[in-house]
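Please open the model in your viewer and keep the selection panel at hand. The stops below are meant to be visited in order, each with something to select and something to look for.

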Amino acid sequence: MTLQKLILVALRYTTLLLFGAVFLVFGSLSSKFLEPVNVVNILTQSSSTAIVAIGMTFVLLTAGVDLSVGSIMFVAVAVAGKMIFTGYSLGLSICAALCVGFVFGRLNSILIVRFRIMPFIVTLGTLYFGRGFGLWLTETRAMNMPDAVTQLGAARIAGIPIPILIFLSVLAAGHFVLTQTPLGRQIYAVGNDPEAARKAGIRVNRILGVVYVLSGVCAAIGGFVALTQTGAVSPTFGNQKEFSAIAAAVLGGTSLFGGRGTIFPGTVLGAVLIQTVENGLVILNVDPYLYPLVTSAVIFLAVLIDTTRTNLLEKLGRRPIRVEPVR
Amino acid sequence: MSSSPRILEFDSVEKSFFGVKVLKAVTFDLRTGTAIGLVGENGAGKSTLMNILGGIHTPDAGYIRMEGEPYAPRNPQDAARAGVAFIHQELNLFSNLTIAENIFITTFPRVAGLPMIARKTVRERARSLLDQVGLSVNPNTRVESLSAGERQLVEIAKALSLDARIIIFDEPTSSLTALETDRLFELISTLRARGISMIYISHALSDVMKLCDDIVVLRDGEVVGKSRTAETSTAKLISLMVGRSIDQLYPERTGRPAAERALSVRNLSQPGIVRNIAFDLHDQEILGISGLMGSGRSELARILFGLDPFETGEVLLWGENLPKPSPRQCVRMGMAFLTENRREEGLCMEASIAENMALVSLPNFANRGGYWIDHGRLSKSLTALRGAVRLTRSARLSQAVRTLSGGNQQKVVLAKWLLNRPRVFILDEPTRGIDVGAKYEVYSLINKLASDGAAVLIISSEIEELIGMCDQILVMRNGEIADTIRRPDFDRERILRGALKQSHTTRTSPVETARHDPESR
C-alpha cells in the first residue's frame with residue numbers, strides 16, 4: 001500500500017516533475033534558454049494552443065472529446081479574415097469569429113445531447129465539415145492579413161504581449177468557472193459518474209451542452225490569437241490542433257475518462273511544456289524533422305501515466321467483499 | 001396500528017417490466033417519526049418499490065399519498081423536493097469532489113446575485129451538518145479518501161441539507177464496520193426523535209429487528225407480512241420471505257453424480273474477495289452456490305474461469321492443476337461460463353443468432369490450415385443446435401439477438417457454449433429475467449447436460465431453483481463457504497440462515513483491527 005501511495009503521489013505531480021526536468025536539461029545545454037526574453041517567447045508561442053486546450057479541458061472533464069477545435073479555429077479566422085478584407089472593423093470581425101465558435105460548439109452539443117450520438121463521432125463529423133466549409137469560404141487560397149492584425153499580436157500592454165494577456169484572461173475565467181461556480185463543480189460531478197449525477201438532480205444534458213460551446217468559443221479565440229502571430233489564413237490553419245490541445249490537457253493530468261483534471265496548473269502547464277520542448281529543440285538546433293518524434297514521445301508518456309494512474313485508483317477503490325484480518 | 005399520523009401511504013401500487021409483474025397491489029403505511037423495515041429476497045420488488053418512491057419509475061396502477069396528498073414524483077428532483085432522500089447501497093457520491101461540494105452539489109449557496117459559490121457559507125453549513133451526523137472531518141476533504149462508513153454519513157448529511165422528512169436506507173450496513181454500524185444506528189434514533197421517518201431495507205434481519213417499529217415482508221412483489229416488530233421474530237420473517245410453495249415444476253433428475261472429479265478447488269483464497277474455498281464438482285453433478293448479492297459468488301466464478309486472479313490454493317480441472325488459469329485455457333479444456341449479465345457480457349446484441357452461436361468455436365469450423373470458415377459445416381451444426389436448445393421456431397438464425405426474448409437469448413448463450421462441447425459448466429444466474437415457461441426449458445437443458453455427463457455449477461439468488469435442481473448446495477457468506485448441504489437435507493430456512501447469519505458479530509474483530517491500521521485510511 002505504501003509503495004502504491006508513493007507511486008500515486010509521483011504520478012499526480014508528473015507534469016511538474018517533467019517540467020522541472022525539461023528546464024534543467026535545456027537550461028544546462030544552452031544559456032539562451034533561460035533568458036527572460038525566451039521565457040516570454042515560449043509563453044507567447046504557447047498561448048494559442050493553451051487557450052484551445054483550456055476549452056478542451058471542459059469537454060474532457062465530462063469524459064467527452066472535441067475533435068473539431070482545429071476546424072473551428074480555421075472557420076473562425078476564415079470568416080474574420082474575409083470580413084477584415086471586405087473592410088469591416090477589427091472588433092466586428094473578432095466578434096464574428098467568436099460567433100462562429102459559438103455556433104459550431106452549439107451544433108456539436110445539439111448532436112451529442114439531443115441525438116445522443118457519441119462525441120467522438122459528432123466532432124469528427126464537424127471536423128470534416130468545418131475544414132470543408134472553410135476551404136470553400138477561402139477558395140483554398142491563403143489570405144495575408146493587413147499589418148493591423150500582426151501589430152495587434154506584437155503589441156504590449158504594460159509590457160506584456162497581448163497574446164499572453166488574452167491567454168491569461170481565458171485562463172483566469174476558465175479556472176474561475178471550474179473552481180468557483182456551481183456549474184464548474186457539476187462538470188466534475190458529471191464526469192465522475194453521469195448516472196449518479198442524474199440521480200442527484202444535476203441537469204446532465206445542460207452541462208454537456210455548455211462544455212462543447214465553451215470549447216468552440218475557446219477554439220475561436222485561440223484561432224484569432226494564432227492569426228495575429230502568423231498573419232495569414234492558410235488552408236492548413238489550425239490543422240491537427242485538436243491533437244496538441246488534447247495532448248496538453250492530458251499532459252497536465254486531465255483524465256480522458258472524465259472527472260479528473262484542472263485548467264490551472266494542469267492543462268496550462270501541459271500546453272506550456274509542449275511548447276517549451278519545441279523551443280528548446282529550436283535553440284539547440286536539433287533537426288526539425290525530429291520535433292514530432294520528441295513531442296509524440298512526450299505525449300505517449302503522458303497517456304501512459306494517465307492510464308497507470310486510473311488503473312491504480314480503480315484498484316484501490318474496488319470494494320472488498322470481506323475484510324481480511326491484519327497480521 | 002398506532003396513534004402517530006401517517007406520513008406515507010402506499011395504496012395498491014403495481015408495476016410491470018416487459019410484461020412481468022414485479023409489484024402486485026402493494027399496500028402499507030409509514031407513520032411519522034418511525035422506522036419501517038422492508039425485507040424480502042433478492043428480486044422480491046423492494047428496489048422497484050423504492051425507485052417508484054424516488055421518482056425513477058412511475059407505477060402502472062395504485063397511489064402513493066404523502067401526508068394525505070397524492071404524491072407522484074416524475075423525477076428524482078421531485079422526490080427530493082418533497083423531502084424523500086435515498087441512501088443507496090452503492091453510494092451516490094462523487095469521489096473527485098469534497099464533502100462540502102457533494103452535500104451542496106445541486107444547492108450551492110451563492111454570493112448574492114452572482115453565479116459564484118459562497119465558499120465560506122458552504123464550509124460553515126457543511127460543518128454544522130457534519131456535526132449533526134457526528135463526522136469530525138474537514139468538509140474540504142475529498143470523498144475518495146473517506147471510508148465507506150464516513151461516506152454514508154456524508155450521504156445522510158446531504159439528506160439533512162435537503163430537509164428530508166423520509167430517508168430510505170438500502171442495505172446501509174453491508175460495507176460498514178461494527179463500530180460504524182453502531183454509530184449509524186445511534187444517528188438513526190436521533191433523527192427519528194427529530195420526526196424524520198425511515199424506510200430501512202436490509203438482509204441483516206437482526207439489524208432490522210433492532211431498529212424498526214414495523215416490518216413489511218415482500219415476496220414476488222406482494223406484501224406477504226406486515227407486523228409490529230415486537231410481534232414477530234427472525235424465524236417468522238425468514239419463513240415469510242421464502243414461504244412460497246414450489247409452484248414451478250423442476251424436471252426430474254435422471255442422472256446421479258459420478259465418482260470422477262471434474263473440477264476441484266482446494267483452499268482457494270484471494271484477499272478481499274474469497275477465503276478458503278474448497279469443493280469438488282463431479283461429472284454428472286449439479287452443484288449450486290447460494291448466497292446474497294455481494295457474498296462473493298460471482299467473484300468466485302470469475303476466478304474459476306480465469307478472469308480474476310487468486311493468491312493461494314489450487315484449481316484442478318480433471319486432476320490437472322491450473323496455477324494460473326486463463327479464459328482461453330479454460331475454454332480449450334472444456335469449460336463454459338455463462339455470466340450473470342448476458343446483455344453486456346454474454347452476447348453481442350446487434351449481431352445475429354448464428355454469429356453469436358459460432359463465436360466460441362469458430363476455430364473448430366475452419367478449413368484445414370485454419371484460414372477460412374467452412375460455412376456449410378457450420379450452418380449444419382447451428383441448425384442441429386437450435387433444435388437442441390429449443391430456440392423458438394419463429395426466429396431466423398440471421399436475426400439480431402437483440403430482438404429475442406430473455407429466455408431465447410439465454411438459449412443462444414447456452415448454444416454458443418454447447419457448440420464447443422464443454423464438460424464443465426459454470427452458470428451464473430442462468431434464469432435471471434426469464435419467464436416461467438422458458439425457465440423450465442432451461443432447467444431441462446441443464447438436466448440433460450448433466451445426465452449426458454457434464455458437471456454443472458449453478459450460481460443463483462433463487463433458493464427454490466437450487467433446491468429444485470441441485471445435488472448439493474454451497475452457501476456463501478462474506479467470501480467464505482458458510483454451509484454445505486446435501487440433497488436429502490435441503491431446507492430453505494437453513495440456506496437462508498447460512499447466507500444471513502449474524503453478519504454483525506462475525507464482522508467485529510478483524511475489522512476493528514483494520515480500522516487502526518494507518519494504511520486503511
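A disulfide is taken here as a pair of cysteine sulfur atoms within 2.5 Å. With that cut-off in mind, and remembering that this is a predicted model, select Cys330(B) and look for its closest cysteine sulfur, which belongs to Cys348(B) and lies 20 Å away, too far for a bond. Cys330(B) is also buried, at 0% relative accessibility. Cys212(B), which you may select next, is likewise buried, with a relative accessible area of 7%. Over all chains, the structure holds zero disulfides.

**Strand β3 and its neighbours**

Now select residues 35-39 of chain B, the strand β3. Five of the five residues of β3(B) are buried, so the strand is largely enclosed by the rest of the structure. In a regular strand the side chains alternate between the two faces of the sheet. Looking along β3(B), you will find Ala35(B), Gly37(B) and Val39(B) pointing one way, with Ile36(B) and Leu38(B) pointing the other way.

Add strand β8, residues 197-201 of chain B, which runs parallel to β3(B) and is joined to it by four bridges. Then add β9(B), which also pairs with β3(B) in the parallel sense, again over four bridges. Which residues stand opposite Leu38(B) in these two strands? In β8(B) the residue is Ile201(B), and in β9(B) it is Val216(B).

**Helix α8**

Keep β3(B) displayed and select helix α8, residues 234-242 of chain B, where Leu237(B), Ile238(B), Met241(B) and Val242(B) are buried. If you turn the view to look down the axis of α8(B), its buried residues fall within an arc of 115°, so they line one face of the helix. Those buried residues pack against several elements of chain B, among them β3 (35-39), β9 (214-219) and the helices α16 (463-469) and α17 (492-500).

**Strand β16 and helix α9**

Move to strand β16, residues 335-338 of chain B, from which Met335(B) and Phe337(B) point one way while Ala336(B) and Leu338(B) point the other way, and all are buried. Four bridges join β16(B) to the parallel strand β17, residues 424-428 of chain B, and in this pairing Phe337(B) stands opposite Ile426(B).

Both of these residues are touched by Ala301(B), as is Ile459(B), when residues up to four places away in sequence are not counted. Selecting Ala301(B) takes you to helix α9, residues 297-304 of chain B, where Ala301(B) is buried with a relative accessible area of 1%. For a link across the sequence, draw the C-alpha to C-alpha distance from Ala301(B) to Ile458(B), which comes to 9.6 Å although the two are 157 residues apart in sequence.

**The nonpolar cores**

Next, select Ile167(B), Phe279(B) and Leu304(B), which touch the most other members of the largest nonpolar core, a set of 222 residues. A second, separate core of 28 residues includes Phe10(B), Ala44(B), Ile52(B) and Ala82(B). Around Ile167(B), leaving aside residues up to four places away in sequence, the contacts include Ala85(B), Ile87(B), Leu191(B) and Met198(B).

**Last stop: Glu14**

Finally, select Glu14(B) in strand β1, residues 6-17 of chain B. Is this residue buried or exposed? At 19% relative accessibility, Glu14(B) counts as buried, because the cut-off is under 20%. Its side chain is joined to that of Lys21(B) by a polar contact of 2.8 Å, and Glu14(B) also touches other residues, including Leu23(B), Pro59(B) and Asp60(B).

Notes:
Residues are numbered from 1 along each chain as its sequence is written. Chains are lettered from A and ligands numbered from 1 in the order in which they are written. This is a predicted model: local features need pLDDT of at least 70, side-chain atom pairs count only at pLDDT 80 or more; totals for chains, interfaces and linings use all residues. Side-chain values use heavy atoms; hydrogens and water are left out. Buried means under 20% relative accessible area, exposed over 50%, partly exposed in between (1.4 Å probe, protein chains only). A polar contact is a pair of N or O atoms within 3.5 Å; within protein, one must be able to donate a hydrogen and the other to accept it, and residues adjacent in sequence count only if both atoms are side-chain atoms. Contact means heavy atoms within 4.5 Å. A nonpolar core is a set of buried Ala, Val, Leu, Ile, Met, Phe, Trp, Tyr and Cys residues joined through side-chain atoms within 4.5 Å. Two strands pair if DSSP finds at least two bridges between them. The arc is that of the directions from the helix axis to the C-beta atoms.
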